[in-house]
Amino acid sequence: MGISRHGRRLGPIDRALDGLGLQRRIAVVVPSHTSAMMLARTTDLVALTVADWLDDTIEALGLRTFPIPLDLAPLDFGMAWHPRNSADPGHRWFRDRLGAAVTAATQAGSHHGRRDC
């Protein structure tokens, strides 16, 4: 299963596999990690997600994780919002807190460059 907001079937995992002379079969592309986990829950498909981010959710869904056995570059995360929210104090507070949480987790090394599926 692939995850892409833009419907792309191939990405970094496929490039890494290609370098080893391998390829994966992508049965479906979904727009989010949430939809991928829900689909994985009721099928025999494999969903890819960032390690350790949703441990409670993954457990509650009856899923399990394992490391991807590939050397993959770290994921880049970014935030985007509508310009009308730029000056909104509540929105700015939320962006600041979210950015601080992601930065702290990355600096702690708990998510840096590690992906599970």
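A helix here is a DSSP run of H or I with at least four residues, and helices are numbered from the N terminus. By that reading, His91 lies in helix α4. The views below all come from a predicted model.

**View 1. The chain as a whole, before we zoom in.**
Welcome to the overview: the chain has four helices and four strands. Followed along the sequence, these elements come in the pattern β-α-β-α-β-α-α-β. The chain has 117 residues, and 25% of them count as buried.

**View 2. The largest nonpolar core, with a second core apart from it.**
Seven residues make up the largest nonpolar core. They are Ile13, Ala16, Leu17, Leu48, Ile68, Leu70 and Leu72. A second core is separate and has five residues, among them Met1, Val30, Ala36 and Ala47.

**View 3. The salt bridge between Asp14 and Arg24.**
The structure holds one salt bridge, and here it is: the side chains of Asp14 and Arg24 meet at 2.7 Å, N to O. Asp14 belongs to helix α1 (residues 12–19), while Arg24 sits in the loop between α1 and β2 (29–30), so the pair ties together parts that are ten residues apart in sequence. The two partners can also be described by their accessibility. Asp14 counts as buried because its relative accessibility is 11%, under the 20% cut-off. Arg24 has a relative accessible area of 27%, so this residue is partly exposed.

**View 4. Ile26, in the loop between α1 and β2.**
Please look next at Ile26, which is found in the loop between α1 and β2. Its relative accessibility is 13%, so Ile26 counts as buried. Arg9 is worth including in this frame: the C-alpha atoms of Ile26 and Arg9 are separated by 7.2 Å, with the two residues 17 apart along the chain.

**View 5. A nonpolar patch on the surface.**
Five residues appear here: Met79, Trp81, Trp93, Phe94 and Leu98 form a nonpolar patch on the surface. Together they have about 520 Å² of accessible area. One of them, Trp93, is found in helix α4 (residues 89–107). Trp93 is partly exposed, because its relative accessible area is 48%, between the 20% and 50% cut-offs.

**View 6. Trp81 with Arg95 and His91.**
Trp81, a member of the surface patch, returns here with a charged partner. The charged end of Arg95 sits over the ring of Trp81, at 4.1 Å from its centre. If you are hunting for ring-ring contacts, a search of the whole structure finds zero aromatic pairs. His91, in helix α4, completes the view. The C-alpha atoms of His91 and Trp81 are separated by 9.2 Å, and the two residues are ten apart along the chain. With a relative accessible area of 23%, His91 is partly exposed.

Key. Residues numbered from 1 in each chain as written. Predicted model: local features only at pLDDT ≥ 70, side-chain atom pairs only at ≥ 80, totals over all residues. Heavy atoms only, no water. Phe/Tyr/Trp six-rings, centres within 6.5 Å; stacked < 30°, edge-to-face > 60°. Lys NZ or Arg CZ within 6 Å of the ring centre and 35° of its normal. Core = buried A, V, L, I, M, F, W, Y, C linked by side-chain atoms within 4.5 Å. Buried < 20%, exposed > 50% of the residue type's maximum accessible area, 1.4 Å probe, protein only. Patch = residues over 30% accessible without salt bridge, like charges linked within 9 Å, V, L, I, M, F, W, Y side chains within 5 Å. Areas by Shrake-Rupley, 256 points an atom, 1.4 Å probe, with all protein chains shown as cover. Salt bridge = Lys/Arg side-chain N within 4 Å of Asp/Glu carboxyl O. Helix = DSSP H or I, 4+ residues; strand = E, 2+ residues; numbered from the N terminus.
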